[in-house]
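Colleague: I've got this model open and I keep getting lost in it. Take one part, the paired strands, and go through it closely for me, then tell me what else is worth a look.

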Amino acid sequence: MRRCASIFLTLLATGFAAWSDGLETFDNENAPPAVYATSSFVGNNGVTWSYELCRDASADSGAYVINGAGLMFNPSSASKLYSSAIPGGIRDFSVKLRKGFTGAGLRQVELFVNGVSIGLSESFDDTQIRTFSVQNINVAGNVVIELRNARVKQVVLDDLSWTSLTGGDDPNISFSSPFDFGEISSGSAATQTLTVLNTGTSKTLNVTGFSPVSGDTTKFSTPTTFPLNIAPNNGSQTIQLVYTPGNVTGAMHSAVFNLNSNDPGDGAAPITLTGKTPPGMLTISNIQYNASSTNSPYNGQLVSAKGICTYNDRFGYILADAGGGAWSGIYVKDDSHGPDIGDEVRVKGWVAEPDNFTTITGVTDYVRLSVGNTLPAPVVVNGLAARSEMYEAVLVRVNNVTVDNQKVSGAVWQVSDGANSLQVLHDSTRRLYRYVPKNNATLDAIQGVMIQAGGTWRLQVRDDKDFIGRPVVHYGLKGVVMTPGGPQTNWYVEIHDDDIVYVGPNAPTVTVYNTSGAIFPGLIDTHNHQGWNSFPTLQFNAAPYGHRDDWGESDAEYTAWKSKRTSVLNHAAVQDSTKFTVGKYGEILELMAGCIAIQGMSFNIEHSHPDSGIMNLEAFPNRIYTDIFPWNMTAANRSNLMRRINGGAVQAALIHLSEGTDSVARAQFDTWYNWGMLTKETTIIHGVPYRTNEVDKIASVGASIVWSPKSNMRLYHGTANIPLYKSRGVNLAIAPDWTPSGSYNMLEELGYAWRLNQTIFSNALTSKDLVDMATINAARAAAIENRYGKIEVGYNAGLVVMPYSGGDPYLALINARPRTVLLTIVDGTPRFGDKALMTSMGFTGETINAWGTTKTLNLVKDHPFLTYGNETFASITSGLATAHATLTRTGYVDTEELQFLSLGLLQGGPDDVVPFIADAPSPLQRMDESTPTTNPSR
């Protein structure tokens, strides 16, 4: 049996190499280099191969080569390759494919055995080398293997292999190479086990020895005694391999050995062994300590260090020596990795001193060594001592402080410990806090990490728990609690600060408010464009469209409407460029509907402040990436995104993909998939035209889908095949998109989806399925499921309370609307709800009339760092109404499409709109696997 290195590398991903009984490398092929011809040649195994309309693929400076010589199919269905009769039957088949020539168009081949089609390769249009394989063909006797061109484009063939039913070249040795020991400590030794298989079917494999060939052969050895006798039919034996690197640091070792056996084709089968040792370590204090200078003694040098993460933000993190103390912390500027606080991390990078702030930058190596470590205790200092070099990036604590200046400048405020002042950085681009500093307010202590810029020292607080002694909420709710295990009647939820601290049947020893309703996790909107949501539904008169660009880039009605929107944004009563008025209004509409978190305003970090409404998913510590046009990403941007995903800095990539029903929309998935970008971190917003092939790929990696049914139906007269997604176990979230074509809030969208479920999906979804799509599934899609999406101890106290008088409580939520919402609780604080209930709980705010009911809206005003914090809901709506009133109709956009989407307008019409169902084509077309995806109207 012949061992081929190129095939070996291709098959490594399967865990071990399954060596073929027949291999055709095309070394003997005789096709001409410049024209397509018909002829034959005798191949590697004595098999005669005939080809029709083929040429040599190794011409043209090797531009289309796979592995040496190969054949290129003519761009026609008449081009083919077939063998003479091969004895022994065929079990499995594999061939490598590559695009021939640079013209656009899909490439694909079809496999036949004895004239019967066995299968089609995956279609592709890139220059990557693809492996087309078919397992368990299991045709006995003499067989003729044939490949035909299935597209009218050139495609290259090489390294064609097959296994027979009779065993062929017995015995056959199989194992994994390279074999990597990973990283072990210097001065130690590691022993691992190599499994060797005999994939032959009739003869025993006799492994006689393990002999050195090249490289660091003295670093590797085996205590195994040879020979080893391995039975056929995937019998196995193990060989113990030992790596002994010696007392060296930062070393990498690699060696090649032969496994000697009676395999006729691989009697001396090479295996590569690799291993390494960690680099020499510095402590953090080694890097920081310099009694005579503010700069590190390692400034400008490449160092390796390890420490426990005590702080993190969007741009990097701080590592500290486990023992803490002076000189024990350093900031690592690194947006590619995402350690959690408490992780022990090793990094390698360059020491730099931007503005005299010691930093490790240009990280070239990152290893998470352990998680959940105890943090070093904060160093208790006074306000003066904290402002010194020895506490740079060190976790410190100042006791008994008073706010003596709630806004020094920008995002800086100041505390005093009685004798010394200390500035506090409230930088919302790094971290968001609910604590509102007010002059003369006192704290038992304040703690965080010290940072400086050019000699100006400031305390960077990590989260609200570092404001020790601040006022916090502590209360209980009683009702039907919607736990992960289902509804629990007359249960209690105890809330302390922003945490759920108890869930159960016993009344907690705090003030309890009986809601007489159903208590759900707060809703999470994973797809919105709230900066557009002061407008009602746009007609989109040219619908149905084929894909997003049909209306987004070339529709005259939409273009005219956008100019009207610009007029609203620029109006003096709105000033959206600085105040983001429309976005704030859109988020309040969702707050009124029980929503506690939303995606869609990543460009405005300040707006995502929790005091201003609901959490923005783009804000740290959430780690998400968003892109509306991902199919246009450059190679550099894709590489950067994958680097950040692999490093944990991005845990969810929310991308708009395949919005539409035609082949253009569907091809966007192929682009993303063929780039190798489909991972468990991918959350596809829309995913409308997918069938089993795409859905199974999504399911196989654990990716998620965000469904926006109303917008899909309005624009494309079709929506995603939700029953298919559900049957394949894909994580499904739901969100309304925006008001111009979608629903006005999450509750409207849930109601709309329930109608579709009844009318076109034959009740494939349960009511719980839909509620999960708005809660725990949505949290998973945004990679926050460890903190949001369910009512459980340790989870965030983001809740919504709905009236409930019996029956299906999940359906009660689906049928609810903002006028019936009893409470929306964000981070433990009631932000919207019935006025009487809010007042009884001690929460006041702005009184509003929401759909005929009196509600209280409790948003923080007079905030020192929110530039529009003094605005009321009344002033926001008044300004928007004024701006919209100036708009006049055009030939494309009617007056009713330009009016302000006020609560009065929403209240005036039915807010549980009957589903929009297109006359043609039927939405059911999306679920017909035999129906072409191209929209017949385009």
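Modeller: Two strands count as paired if DSSP finds at least two bridges between them. Keep in mind as you look that this is a predicted model.

Let's start with strand E24, residues 344-352. On one side E24 pairs with strand E21 (residues 302-312) in the antiparallel sense, over 7 bridges. If you want a spot to zoom in on, try Ala305, whose bridge partner in E24 is Val347. E24 also pairs with strand E25 (residues 359-370), again antiparallel, and here there are 8 bridges. One of the matched pairs is Arg346 with Val367 in E25. E24 and E25 make a hairpin with 6 residues between them, and in the turn Asp355 has a positive phi of about 55 degrees. As general background, strands of a sheet pair through backbone hydrogen bonds, either parallel or antiparallel.

You'll find another hairpin earlier in the chain. Strand E19 (residues 252-261) pairs with strand E15 (residues 205-215) in the antiparallel sense over 7 bridges, with Gly209 standing opposite Asn260 in E19. E19 is also joined to strand E20 (residues 268-276) by 9 bridges, the two running antiparallel. His253 has Gly275 in E20 as its bridge partner. E19 and E20 form a hairpin, with 6 residues between them.

Then there's an open sheet of 4 strands, with antiparallel pairing and the order E12-E14-E18-E16. Its edges are E12 (173-174) and E16 (220-221), each of which pairs on one side only. E16 is held to strand E18 (residues 235-243) by 2 bridges, and these strands run antiparallel. The place to look is Phe220, which stands opposite Tyr243 in E18.

One more strand to check is E6 (residues 92-99), which contains Ser94. Ser94 has a relative accessible area of 17%, and since anything under 20% counts as buried, Ser94 is buried. Beyond its neighbours within four places in sequence, Ser94 is in contact with Thr131, Phe132, Ser133, Asp159, Leu160 and Ser161.

Now for what else is worth a look: the helices. Helix H6 (residues 581-591) has 11 of its 11 residues buried, so H6 is largely enclosed by the rest of the structure. The buried set includes Lys584, Glu587 and Glu590.

Further along, helix H12 (residues 746-759) packs on helix H13 (residues 767-774) at an angle of about 145 degrees, with the axes 11 Å apart. The contact is made by Met746, Leu750, Ala753 and Trp754 from H12, and Ser767, Leu770 and Ala774 from H13. By class that comes to 6 nonpolar, 1 polar and no charged residues. H12 passes H13 in a right-handed crossing.

Leu770 turns up again in the largest nonpolar core: of the 114 residues there, Trp707, Tyr725 and Leu770 touch the most other members. H12 gives this core its largest share, 7 residues. Setting aside neighbours within four places in sequence, Leu770 is in contact with Trp707, Ile734, Leu750, Ala753, Trp754, Leu765 and Ile814. Apart from that core lies another, of 29 residues, including Phe26, Trp49, Cys54 and Leu81. In soluble globular proteins generally, nonpolar side chains tend to be buried together.

Methods:
Residues numbered from 1 in each chain as written. Predicted model: local features only at pLDDT ≥ 70, side-chain atom pairs only at ≥ 80, totals over all residues. Heavy atoms only, no water. Axes fitted to C-alpha atoms, helices over the stretch in contact; angles between N-to-C directions. Left-handed = near helix turned anticlockwise from the far one by under 90°. Contact = heavy atoms within 4.5 Å. Nonpolar A, V, L, I, M, F, W, Y, C, P; charged D, E, K, R; others polar. Buried < 20%, exposed > 50% of the residue type's maximum accessible area, 1.4 Å probe, protein only. Core = buried A, V, L, I, M, F, W, Y, C linked by side-chain atoms within 4.5 Å.
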